[in-house]
There are 4 protein chains.
Amino acid sequence: MDEVFEPLRWRDLDYFGHVYHGEYLTLLDEARGSWLGGAAGGPGLRDPETYVVARVEIDFVSSLTREDRGVHIGFVVERVGRTSLTLRETMRGGDGREVARVRSVIVLWDRVAAGSRPFDDDERARVEALVAS
Amino acid sequence: MDEVFEPLRWRDLDYFGHVYHGEYLTLLDEARGSWLGGAAGGPGLRDPETYVVARVEIDFVSSLTREDRGVHIGFVVERVGRTSLTLRETMRGGDGREVARVRSVIVLWDRVAAGSRPFDDDERARVEALVAS
Amino acid sequence: MDEVFEPLRWRDLDYFGHVYHGEYLTLLDEARGSWLGGAAGGPGLRDPETYVVARVEIDFVSSLTREDRGVHIGFVVERVGRTSLTLRETMRGGDGREVARVRSVIVLWDRVAAGSRPFDDDERARVEALVAS
Amino acid sequence: MDEVFEPLRWRDLDYFGHVYHGEYLTLLDEARGSWLGGAAGGPGLRDPETYVVARVEIDFVSSLTREDRGVHIGFVVERVGRTSLTLRETMRGGDGREVARVRSVIVLWDRVAAGSRPFDDDERARVEALVAS
(Lines give C-alpha, C1' and ligand atoms only; values in the text may rest on other atoms or scores of the structure.)
Protein backbone atom coordinates (compact mmCIF):
# COMPACT_ATOMS: atom_id res chain seq x y z
CA MET A 1 0.00 0.00 0.00
CA ASP A 2 1.22 3.49 -0.83
CA GLU A 3 1.84 5.58 2.24
CA VAL A 4 2.34 9.23 3.10
CA PHE A 5 5.31 9.97 5.36
CA GLU A 6 4.98 12.56 8.12
CA PRO A 7 8.07 13.61 10.08
CA LEU A 8 7.65 13.87 13.84
CA ARG A 9 8.60 16.87 15.97
CA TRP A 10 10.19 16.77 19.42
CA ARG A 11 7.18 18.71 20.67
CA ASP A 12 4.92 15.80 19.66
CA LEU A 13 6.35 13.90 22.64
CA ASP A 14 4.62 14.05 25.98
CA TYR A 15 6.00 13.66 29.48
CA PHE A 16 6.10 9.86 29.01
CA GLY A 17 8.37 10.24 25.98
CA HIS A 18 5.61 8.97 23.66
CA VAL A 19 4.00 10.93 20.87
CA TYR A 20 0.91 12.35 22.60
CA HIS A 21 -2.20 10.43 21.58
CA GLY A 22 -4.00 13.61 20.48
CA GLU A 23 -1.17 14.37 18.03
CA TYR A 24 -2.06 11.23 16.10
CA LEU A 25 -5.12 13.11 14.82
CA THR A 26 -2.90 16.00 13.68
CA LEU A 27 -0.55 13.59 11.89
CA LEU A 28 -3.47 11.73 10.29
CA ASP A 29 -5.03 15.02 9.22
CA GLU A 30 -1.82 16.23 7.62
CA ALA A 31 -1.27 12.97 5.73
CA ARG A 32 -4.93 12.76 4.73
CA GLY A 33 -4.79 16.20 3.10
CA SER A 34 -1.80 15.11 1.02
CA TRP A 35 -3.47 11.84 0.07
CA LEU A 36 -6.78 13.49 -0.85
CA GLY A 37 -4.74 15.87 -3.01
CA GLY A 38 -3.27 12.97 -4.97
CA ALA A 39 -0.23 11.77 -3.00
CA ALA A 40 0.33 8.03 -2.46
CA GLY A 41 -2.41 7.01 -4.88
CA GLY A 42 -5.04 9.35 -3.44
CA PRO A 43 -8.01 10.66 -5.46
CA GLY A 44 -6.83 14.20 -6.21
CA LEU A 45 -9.71 16.29 -4.88
CA ARG A 46 -9.83 19.95 -5.89
CA ASP A 47 -9.61 21.39 -2.39
CA PRO A 48 -8.07 18.55 -0.42
CA GLU A 49 -7.57 20.29 2.92
CA THR A 50 -11.07 21.71 3.18
CA TYR A 51 -13.04 19.07 5.03
CA VAL A 52 -14.23 18.51 8.57
CA VAL A 53 -13.83 15.34 10.60
CA ALA A 54 -17.19 13.84 11.66
CA ARG A 55 -16.03 10.68 13.43
CA VAL A 56 -12.79 8.92 14.37
CA GLU A 57 -12.24 5.45 15.81
CA ILE A 58 -8.64 4.89 16.74
CA ASP A 59 -6.83 1.95 18.33
CA PHE A 60 -3.43 2.88 19.72
CA VAL A 61 -1.48 -0.31 19.03
CA SER A 62 2.05 0.67 20.04
CA SER A 63 3.85 3.82 21.16
CA LEU A 64 5.64 6.20 18.81
CA THR A 65 8.87 7.52 20.30
CA ARG A 66 11.71 9.78 19.22
CA GLU A 67 13.45 6.76 17.65
CA ASP A 68 10.73 6.91 15.04
CA ARG A 69 11.72 9.91 12.99
CA GLY A 70 8.32 9.89 11.33
CA VAL A 71 5.20 7.92 10.67
CA HIS A 72 3.95 6.19 7.51
CA ILE A 73 0.21 6.49 6.90
CA GLY A 74 -1.81 4.48 4.38
CA PHE A 75 -5.44 5.03 3.31
CA VAL A 76 -8.19 2.73 2.03
CA VAL A 77 -11.63 4.00 0.98
CA GLU A 78 -14.37 2.09 2.76
CA ARG A 79 -17.47 4.02 1.74
CA VAL A 80 -18.41 7.08 -0.33
CA GLY A 81 -21.40 9.19 0.73
CA ARG A 82 -22.90 12.27 -0.94
CA THR A 83 -20.66 14.69 0.97
CA SER A 84 -18.64 12.25 3.10
CA LEU A 85 -15.93 9.64 2.87
CA THR A 86 -15.21 6.76 5.25
CA LEU A 87 -11.53 5.82 5.32
CA ARG A 88 -9.49 3.03 6.87
CA GLU A 89 -6.17 4.49 7.95
CA THR A 90 -3.08 2.66 9.14
CA MET A 91 -0.16 4.31 10.92
CA ARG A 92 3.26 2.64 10.97
CA GLY A 93 6.42 3.63 12.81
CA GLY A 94 9.86 4.12 11.31
CA ASP A 95 10.55 0.37 11.49
CA GLY A 96 7.26 -0.58 9.82
CA ARG A 97 5.41 -1.81 12.93
CA GLU A 98 1.77 -0.87 13.24
CA VAL A 99 1.20 1.97 15.69
CA ALA A 100 -2.48 2.73 15.11
CA ARG A 101 -5.53 1.43 13.26
CA VAL A 102 -8.06 4.10 12.43
CA ARG A 103 -11.42 4.59 10.77
CA SER A 104 -12.30 8.22 9.97
CA VAL A 105 -15.39 9.80 8.48
CA ILE A 106 -14.78 13.17 6.86
CA VAL A 107 -17.20 15.63 5.26
CA LEU A 108 -16.23 17.97 2.42
CA TRP A 109 -16.51 21.57 3.54
CA ASP A 110 -17.43 24.80 1.80
CA ARG A 111 -15.64 27.62 3.61
CA VAL A 112 -17.76 30.38 2.06
CA ALA A 113 -21.10 28.73 2.79
CA ALA A 114 -19.75 27.33 6.10
CA GLY A 115 -21.44 24.02 5.37
CA SER A 116 -20.87 20.66 3.74
CA ARG A 117 -20.54 20.31 -0.04
CA PRO A 118 -21.20 17.27 -2.29
CA PHE A 119 -18.50 15.65 -4.41
CA ASP A 120 -18.66 16.85 -8.00
CA ASP A 121 -18.98 14.13 -10.68
CA ASP A 122 -15.30 13.97 -11.45
CA GLU A 123 -14.31 13.72 -7.78
CA ARG A 124 -16.95 11.07 -7.17
CA ALA A 125 -15.64 8.92 -10.00
CA ARG A 126 -12.12 9.20 -8.60
CA VAL A 127 -13.01 8.22 -5.04
CA GLU A 128 -15.37 5.43 -6.10
CA ALA A 129 -12.58 3.92 -8.17
CA LEU A 130 -10.65 3.57 -4.91
CA VAL A 131 -13.32 1.76 -2.87
CA ALA A 132 -11.74 -1.39 -1.44
CA SER A 133 -13.35 -4.48 -2.96
CA MET B 1 -24.59 14.35 35.57
CA ASP B 2 -21.60 16.01 37.20
CA GLU B 3 -19.26 17.60 34.71
CA VAL B 4 -15.74 18.94 34.63
CA PHE B 5 -15.35 22.36 33.01
CA GLU B 6 -12.35 23.04 30.78
CA PRO B 7 -11.74 26.59 29.53
CA LEU B 8 -10.83 26.95 25.86
CA ARG B 9 -7.83 28.83 24.50
CA TRP B 10 -7.77 30.98 21.37
CA ARG B 11 -5.03 28.68 20.08
CA ASP B 12 -7.49 25.77 20.17
CA LEU B 13 -9.20 27.34 17.13
CA ASP B 14 -8.14 26.29 13.66
CA TYR B 15 -8.31 28.21 10.39
CA PHE B 16 -12.06 27.49 10.15
CA GLY B 17 -12.65 29.20 13.51
CA HIS B 18 -13.63 25.87 15.12
CA VAL B 19 -11.79 24.17 17.95
CA TYR B 20 -9.48 21.78 16.07
CA HIS B 21 -10.81 18.21 16.23
CA GLY B 22 -7.50 16.90 17.62
CA GLU B 23 -7.77 19.32 20.55
CA TYR B 24 -10.90 17.50 21.72
CA LEU B 25 -8.59 14.67 22.85
CA THR B 26 -6.48 17.15 24.83
CA LEU B 27 -9.59 18.62 26.47
CA LEU B 28 -10.97 15.16 27.25
CA ASP B 29 -7.62 14.08 28.67
CA GLU B 30 -7.40 17.11 30.92
CA ALA B 31 -10.93 16.67 32.23
CA ARG B 32 -10.49 12.90 32.63
CA GLY B 33 -7.45 13.39 34.85
CA SER B 34 -9.48 15.67 37.13
CA TRP B 35 -12.39 13.27 37.19
CA LEU B 36 -10.22 10.21 37.89
CA GLY B 37 -8.70 12.24 40.72
CA GLY B 38 -12.10 12.73 42.31
CA ALA B 39 -13.64 15.80 40.65
CA ALA B 40 -17.29 15.72 39.52
CA GLY B 41 -18.04 12.42 41.25
CA GLY B 42 -14.99 10.60 39.90
CA PRO B 43 -13.37 7.62 41.66
CA GLY B 44 -10.32 9.31 43.21
CA LEU B 45 -7.48 7.17 41.88
CA ARG B 46 -4.08 7.57 43.54
CA ASP B 47 -2.21 8.72 40.42
CA PRO B 48 -4.99 10.03 38.23
CA GLU B 49 -2.93 11.46 35.37
CA THR B 50 -0.74 8.41 34.85
CA TYR B 51 -2.58 6.34 32.27
CA VAL B 52 -2.33 5.75 28.56
CA VAL B 53 -5.16 5.92 26.05
CA ALA B 54 -5.71 2.62 24.24
CA ARG B 55 -8.75 3.45 22.11
CA VAL B 56 -11.00 6.40 21.34
CA GLU B 57 -14.26 6.54 19.40
CA ILE B 58 -15.47 10.07 18.93
CA ASP B 59 -18.45 11.56 17.11
CA PHE B 60 -18.08 15.26 16.46
CA VAL B 61 -21.68 16.39 16.83
CA SER B 62 -21.37 20.17 16.58
CA SER B 63 -18.58 22.72 16.33
CA LEU B 64 -17.03 24.45 19.31
CA THR B 65 -16.24 28.11 18.59
CA ARG B 66 -14.86 31.09 20.50
CA GLU B 67 -18.39 31.89 21.71
CA ASP B 68 -18.03 28.80 23.86
CA ARG B 69 -15.66 29.93 26.57
CA GLY B 70 -15.19 26.36 27.65
CA VAL B 71 -16.51 22.85 27.46
CA HIS B 72 -18.37 20.72 30.03
CA ILE B 73 -17.34 17.07 30.12
CA GLY B 74 -19.21 14.26 31.87
CA PHE B 75 -18.04 10.68 32.48
CA VAL B 76 -19.83 7.34 32.88
CA VAL B 77 -18.03 4.06 33.63
CA GLU B 78 -18.99 1.42 31.14
CA ARG B 79 -16.60 -1.41 32.00
CA VAL B 80 -13.75 -2.10 34.42
CA GLY B 81 -10.89 -4.40 33.35
CA ARG B 82 -7.86 -5.55 35.30
CA THR B 83 -5.73 -2.58 34.25
CA SER B 84 -8.20 -0.71 32.04
CA LEU B 85 -11.34 1.36 32.17
CA THR B 86 -13.92 1.96 29.44
CA LEU B 87 -15.62 5.33 29.75
CA ARG B 88 -18.54 7.05 28.04
CA GLU B 89 -17.70 10.74 27.76
CA THR B 90 -19.96 13.58 26.73
CA MET B 91 -18.75 17.03 25.74
CA ARG B 92 -21.10 20.02 25.91
CA GLY B 93 -20.56 23.61 24.76
CA GLY B 94 -21.07 26.74 26.83
CA ASP B 95 -24.81 26.70 26.08
CA GLY B 96 -25.25 23.05 27.04
CA ARG B 97 -25.59 21.60 23.52
CA GLU B 98 -23.81 18.33 22.84
CA VAL B 99 -20.59 18.79 20.88
CA ALA B 100 -19.12 15.29 21.04
CA ARG B 101 -19.99 11.74 22.14
CA VAL B 102 -16.99 9.67 23.05
CA ARG B 103 -16.03 6.21 24.25
CA SER B 104 -12.47 5.91 25.56
CA VAL B 105 -10.47 2.96 26.84
CA ILE B 106 -7.61 3.88 29.13
CA VAL B 107 -4.95 1.73 30.78
CA LEU B 108 -3.34 2.57 34.13
CA TRP B 109 0.37 3.20 33.65
CA ASP B 110 3.41 2.61 35.82
CA ARG B 111 6.01 5.22 34.86
CA VAL B 112 8.91 3.42 36.52
CA ALA B 113 8.17 0.00 35.01
CA ALA B 114 7.02 1.67 31.76
CA GLY B 115 4.10 -0.72 31.59
CA SER B 116 0.48 -1.12 32.63
CA ARG B 117 -0.50 -1.57 36.28
CA PRO B 118 -3.62 -3.20 37.81
CA PHE B 119 -6.11 -1.32 39.98
CA ASP B 120 -5.44 -1.92 43.65
CA ASP B 121 -8.39 -3.25 45.70
CA ASP B 122 -9.48 0.12 46.97
CA GLU B 123 -9.39 1.71 43.52
CA ARG B 124 -11.25 -1.23 42.03
CA ALA B 125 -14.03 -0.90 44.58
CA ARG B 126 -14.35 2.80 43.80
CA VAL B 127 -14.56 2.44 40.04
CA GLU B 128 -16.87 -0.59 40.20
CA ALA B 129 -19.24 1.41 42.33
CA LEU B 130 -19.52 3.83 39.41
CA VAL B 131 -20.39 1.31 36.69
CA ALA B 132 -23.55 2.48 34.97
CA SER B 133 -26.39 0.06 35.59
CA MET C 1 -0.35 44.18 40.34
CA ASP C 2 -3.52 42.63 39.00
CA GLU C 3 -2.93 39.35 37.24
CA VAL C 4 -4.79 37.05 34.92
CA PHE C 5 -4.76 33.36 35.90
CA GLU C 6 -4.37 30.72 33.22
CA PRO C 7 -4.76 27.05 34.16
CA LEU C 8 -2.18 24.66 32.73
CA ARG C 9 -2.93 21.47 30.83
CA TRP C 10 -1.04 18.18 31.13
CA ARG C 11 -0.34 18.46 27.41
CA ASP C 12 1.62 21.69 28.07
CA LEU C 13 4.36 19.51 29.56
CA ASP C 14 7.19 18.29 27.40
CA TYR C 15 9.37 15.20 27.74
CA PHE C 16 11.39 16.92 30.51
CA GLY C 17 8.24 17.41 32.59
CA HIS C 18 8.42 21.20 32.14
CA VAL C 19 5.83 23.35 30.41
CA TYR C 20 7.26 23.55 26.88
CA HIS C 21 8.86 26.94 26.27
CA GLY C 22 6.76 27.57 23.15
CA GLU C 23 3.58 27.15 25.23
CA TYR C 24 4.53 30.24 27.22
CA LEU C 25 3.56 32.29 24.16
CA THR C 26 0.17 30.56 24.04
CA LEU C 27 -0.39 31.22 27.75
CA LEU C 28 0.69 34.86 27.39
CA ASP C 29 -1.55 35.30 24.36
CA GLU C 30 -4.56 33.88 26.17
CA ALA C 31 -4.02 36.08 29.22
CA ARG C 32 -3.28 39.15 27.09
CA GLY C 33 -6.59 38.83 25.26
CA SER C 34 -8.43 38.78 28.59
CA TRP C 35 -6.44 41.72 29.89
CA LEU C 36 -6.92 43.81 26.72
CA GLY C 37 -10.63 43.06 27.06
CA GLY C 38 -10.68 44.57 30.53
CA ALA C 39 -9.69 41.80 32.95
CA ALA C 40 -7.17 42.53 35.75
CA GLY C 41 -7.20 46.30 35.16
CA GLY C 42 -6.76 46.07 31.38
CA PRO C 43 -7.90 48.78 28.97
CA GLY C 44 -11.07 47.18 27.57
CA LEU C 45 -10.44 47.28 23.82
CA ARG C 46 -13.37 46.63 21.53
CA ASP C 47 -11.94 43.54 19.84
CA PRO C 48 -9.34 42.35 22.32
CA GLU C 49 -8.29 39.11 20.63
CA THR C 50 -7.75 40.56 17.18
CA TYR C 51 -4.10 41.58 17.13
CA VAL C 52 -0.87 40.16 15.79
CA VAL C 53 2.37 39.76 17.70
CA ALA C 54 5.24 41.72 16.14
CA ARG C 55 8.02 41.01 18.62
CA VAL C 56 8.62 39.02 21.79
CA GLU C 57 11.60 39.05 24.17
CA ILE C 58 11.30 36.38 26.81
CA ASP C 59 13.59 35.30 29.64
CA PHE C 60 12.75 31.88 31.01
CA VAL C 61 13.57 32.36 34.69
CA SER C 62 12.38 29.09 36.21
CA SER C 63 10.54 25.98 35.04
CA LEU C 64 6.79 25.53 35.25
CA THR C 65 5.82 21.99 36.21
CA ARG C 66 2.62 20.06 36.93
CA GLU C 67 2.84 21.18 40.58
CA ASP C 68 1.91 24.62 39.26
CA ARG C 69 -1.75 24.21 38.45
CA GLY C 70 -1.66 27.47 36.52
CA VAL C 71 0.23 30.65 35.85
CA HIS C 72 -0.42 34.23 36.96
CA ILE C 73 0.31 36.88 34.33
CA GLY C 74 0.55 40.62 34.92
CA PHE C 75 0.76 43.41 32.32
CA VAL C 76 2.30 46.88 32.29
CA VAL C 77 2.02 49.29 29.34
CA GLU C 78 5.42 50.53 28.29
CA ARG C 79 4.63 52.41 25.09
CA VAL C 80 1.64 53.22 22.90
CA GLY C 81 2.10 53.56 19.12
CA ARG C 82 -0.44 54.44 16.43
CA THR C 83 -1.44 50.80 15.86
CA SER C 84 0.84 49.04 18.36
CA LEU C 85 1.35 48.49 22.04
CA THR C 86 4.53 47.55 23.91
CA LEU C 87 3.85 45.55 27.06
CA ARG C 88 5.95 44.31 29.98
CA GLU C 89 4.58 40.95 31.00
CA THR C 90 5.44 38.89 34.07
CA MET C 91 4.60 35.23 34.52
CA ARG C 92 4.45 33.69 38.00
CA GLY C 93 3.97 30.08 39.05
CA GLY C 94 1.38 28.75 41.47
CA ASP C 95 3.61 29.66 44.44
CA GLY C 96 4.23 33.22 43.24
CA ARG C 97 7.81 32.76 42.03
CA GLU C 98 8.73 34.46 38.78
CA VAL C 99 8.87 32.05 35.84
CA ALA C 100 9.31 34.46 32.92
CA ARG C 101 9.95 38.14 32.17
CA VAL C 102 8.60 39.24 28.82
CA ARG C 103 8.35 42.28 26.58
CA SER C 104 5.85 41.99 23.73
CA VAL C 105 4.93 44.31 20.90
CA ILE C 106 1.49 43.72 19.47
CA VAL C 107 -0.30 45.37 16.53
CA LEU C 108 -4.06 45.78 16.35
CA TRP C 109 -5.45 43.80 13.43
CA ASP C 110 -8.35 44.32 11.06
CA ARG C 111 -9.50 40.87 9.93
CA VAL C 112 -11.54 42.18 6.99
CA ALA C 113 -8.79 44.42 5.61
CA ALA C 114 -6.13 41.88 6.66
CA GLY C 115 -3.95 44.71 7.90
CA SER C 116 -3.17 46.74 10.99
CA ARG C 117 -5.69 49.22 12.40
CA PRO C 118 -5.11 52.33 14.58
CA PHE C 119 -6.52 52.70 18.08
CA ASP C 120 -9.71 54.78 18.06
CA ASP C 121 -9.73 57.84 20.36
CA ASP C 122 -11.49 56.13 23.21
CA GLU C 123 -9.17 53.12 23.15
CA ARG C 124 -6.12 55.38 22.95
CA ALA C 125 -7.20 57.29 26.02
CA ARG C 126 -7.69 54.05 27.92
CA VAL C 127 -4.29 52.56 27.07
CA GLU C 128 -2.42 55.84 27.58
CA ALA C 129 -3.90 56.08 31.05
CA LEU C 130 -2.14 52.80 31.80
CA VAL C 131 1.36 53.80 30.67
CA ALA C 132 3.76 53.07 33.53
CA SER C 133 5.26 56.25 34.89
CA MET D 1 24.14 29.99 4.61
CA ASP D 2 23.14 26.37 5.11
CA GLU D 3 19.61 25.97 6.30
CA VAL D 4 17.43 23.31 7.85
CA PHE D 5 14.02 22.82 6.22
CA GLU D 6 10.98 22.19 8.39
CA PRO D 7 7.66 21.28 6.75
CA LEU D 8 4.57 23.04 8.06
CA ARG D 9 1.38 21.35 9.20
CA TRP D 10 -2.16 22.61 8.58
CA ARG D 11 -2.61 22.64 12.35
CA ASP D 12 0.17 25.26 12.61
CA LEU D 13 -2.31 27.78 11.15
CA ASP D 14 -4.43 29.87 13.45
CA TYR D 15 -7.83 31.43 12.88
CA PHE D 16 -6.19 34.24 10.83
CA GLY D 17 -4.72 31.67 8.41
CA HIS D 18 -1.19 32.49 9.58
CA VAL D 19 1.19 30.09 11.28
CA TYR D 20 0.56 30.83 14.96
CA HIS D 21 3.38 32.92 16.42
CA GLY D 22 3.98 30.42 19.24
CA GLU D 23 4.59 27.67 16.68
CA TYR D 24 7.65 29.56 15.45
CA LEU D 25 9.38 28.44 18.67
CA THR D 26 8.46 24.82 17.95
CA LEU D 27 9.77 25.09 14.39
CA LEU D 28 12.98 26.77 15.58
CA ASP D 29 13.43 24.13 18.26
CA GLU D 30 13.02 21.29 15.79
CA ALA D 31 15.47 22.80 13.31
CA ARG D 32 17.94 23.70 16.08
CA GLY D 33 18.10 20.10 17.28
CA SER D 34 18.96 18.94 13.76
CA TRP D 35 21.56 21.67 13.34
CA LEU D 36 23.18 21.01 16.74
CA GLY D 37 23.34 17.35 15.72
CA GLY D 38 25.32 18.24 12.62
CA ALA D 39 22.80 19.13 9.90
CA ALA D 40 23.39 22.22 7.71
CA GLY D 41 26.92 22.80 8.98
CA GLY D 42 26.03 22.49 12.67
CA PRO D 43 28.53 21.44 15.35
CA GLY D 44 27.47 17.83 15.91
CA LEU D 45 26.85 17.75 19.66
CA ARG D 46 26.53 14.36 21.35
CA ASP D 47 22.99 14.85 22.64
CA PRO D 48 21.64 17.58 20.40
CA GLU D 49 18.03 17.66 21.58
CA THR D 50 18.80 17.82 25.27
CA TYR D 51 18.96 21.52 26.07
CA VAL D 52 16.67 24.11 27.58
CA VAL D 53 15.85 27.52 26.15
CA ALA D 54 16.87 30.37 28.45
CA ARG D 55 15.96 33.39 26.33
CA VAL D 56 14.38 34.18 22.97
CA GLU D 57 14.12 37.49 21.12
CA ILE D 58 12.01 37.18 18.02
CA ASP D 59 10.90 39.70 15.41
CA PHE D 60 7.99 38.49 13.34
CA VAL D 61 8.83 40.06 9.98
CA SER D 62 6.17 38.57 7.71
CA SER D 63 3.41 35.99 7.98
CA LEU D 64 3.82 32.32 7.13
CA THR D 65 0.76 30.91 5.38
CA ARG D 66 -0.29 27.59 3.84
CA GLU D 67 1.31 28.68 0.54
CA ASP D 68 4.61 28.20 2.33
CA ARG D 69 4.92 24.45 2.49
CA GLY D 70 7.75 24.80 4.97
CA VAL D 71 10.28 27.10 6.50
CA HIS D 72 14.07 27.37 5.99
CA ILE D 73 16.04 28.08 9.16
CA GLY D 74 19.69 29.15 9.31
CA PHE D 75 21.94 29.38 12.38
CA VAL D 76 24.95 31.54 13.29
CA VAL D 77 26.87 31.17 16.57
CA GLU D 78 27.16 34.50 18.33
CA ARG D 79 28.66 33.50 21.66
CA VAL D 80 29.77 30.36 23.50
CA GLY D 81 29.44 30.17 27.30
CA ARG D 82 30.42 27.38 29.68
CA THR D 83 27.06 25.62 29.42
CA SER D 84 25.25 27.94 27.01
CA LEU D 85 25.16 29.02 23.40
CA THR D 86 23.83 32.25 21.90
CA LEU D 87 22.53 31.80 18.36
CA ARG D 88 21.32 34.12 15.62
CA GLU D 89 18.52 32.36 13.78
CA THR D 90 16.82 33.37 10.55
CA MET D 91 13.55 31.93 9.31
CA ARG D 92 12.63 32.14 5.62
CA GLY D 93 9.41 31.19 3.85
CA GLY D 94 9.07 28.90 0.87
CA ASP D 95 9.91 31.76 -1.50
CA GLY D 96 13.02 32.81 0.42
CA ARG D 97 11.59 35.95 2.05
CA GLU D 98 12.55 36.57 5.66
CA VAL D 99 9.75 35.69 8.08
CA ALA D 100 11.52 36.04 11.42
CA ARG D 101 14.81 37.20 12.94
CA VAL D 102 15.67 35.50 16.18
CA ARG D 103 18.31 35.42 18.90
CA SER D 104 18.15 32.42 21.23
CA VAL D 105 20.16 31.45 24.27
CA ILE D 106 20.15 27.74 25.04
CA VAL D 107 21.68 25.81 27.92
CA LEU D 108 22.88 22.21 27.62
CA TRP D 109 20.84 19.95 29.87
CA ASP D 110 21.60 16.82 31.83
CA ARG D 111 18.37 14.84 32.12
CA VAL D 112 19.62 12.58 34.90
CA ALA D 113 20.98 15.39 37.06
CA ALA D 114 18.10 17.67 36.00
CA GLY D 115 20.55 20.54 35.64
CA SER D 116 22.80 22.26 33.13
CA ARG D 117 25.96 20.58 31.85
CA PRO D 118 29.16 22.12 30.40
CA PHE D 119 30.36 21.50 26.84
CA ASP D 120 33.06 18.81 26.77
CA ASP D 121 36.36 19.79 25.11
CA ASP D 122 35.53 18.31 21.75
CA GLU D 123 32.11 19.97 21.62
CA ARG D 124 33.59 23.29 22.70
CA ALA D 125 36.16 23.19 19.89
CA ARG D 126 33.40 22.48 17.38
CA VAL D 127 31.09 25.30 18.44
CA GLU D 128 33.92 27.82 18.85
CA ALA D 129 35.00 27.10 15.29
CA LEU D 130 31.56 28.30 14.22
CA VAL D 131 31.56 31.66 16.01
CA ALA D 132 30.78 34.36 13.46
CA SER D 133 33.74 36.66 12.96
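**Strands of chain C and the pairing of chains B and D**

In this predicted model, G96(C) takes a positive phi near 90 degrees, in the hairpin of β4(C) and β5(C), which has 5 residues between the strands.

Student: How do you know that β4(C) and β5(C) pair?

Tutor: Happy to show you! Pairing needs at least two bridges, and β4(C) and β5(C), residues 98–110, have 9 bridges in the antiparallel sense, so the definition is met. One of the partners to look for is R101(C) in β5(C), opposite T90(C).

Student: And what makes β3(C) a partner of β4(C)?

Tutor: The argument is alike: at least two bridges are required, and 8 bridges join β3(C), residues 70–80, to β4(C). These strands run antiparallel and form a hairpin with 3 residues between them. I73(C) stands opposite M91(C) of β4(C).

Student: Why is β4(C) called mostly covered?

Tutor: A residue is buried if its relative accessible area is under 20%. In β4(C), residues 84–92, 7 of the 9 residues are buried, so "mostly covered" fits.

Student: Let's turn to the other chains. How do you know that chains D and B are related as by a two-fold rotation axis?

Tutor: A turn of 180 degrees, with a shift of 0.0 Å along the axis, lays chain D on chain B with an RMSD of 0.0 Å. The two copies are thus related as by a two-fold rotation axis. To find the axis, start from Y15(D), whose C-alpha, at 2.0 Å, comes closest to it among the residues of chain D.

Student: What makes you say the copies meet through the same surface?

Tutor: In chain B, 100% of the interface residues of chain D are also interface residues, so the surface is the same.

How values were computed
Residues are numbered from 1 along each chain as its sequence is written. Chains are lettered from A and ligands numbered from 1 in the order in which they are written. This is a predicted model: local features need pLDDT of at least 70, side-chain atom pairs count only at pLDDT 80 or more; totals for chains, interfaces and linings use all residues. Side-chain values use heavy atoms; hydrogens and water are left out. Copies are superposed by least squares on the C-alpha atoms of residues with pLDDT of at least 70 in both. Contact means heavy atoms within 4.5 Å. Buried means under 20% relative accessible area, exposed over 50%, partly exposed in between (1.4 Å probe, protein chains only). Helices (H or I, at least four residues) and strands (E, at least two) are DSSP runs, numbered from the N terminus.
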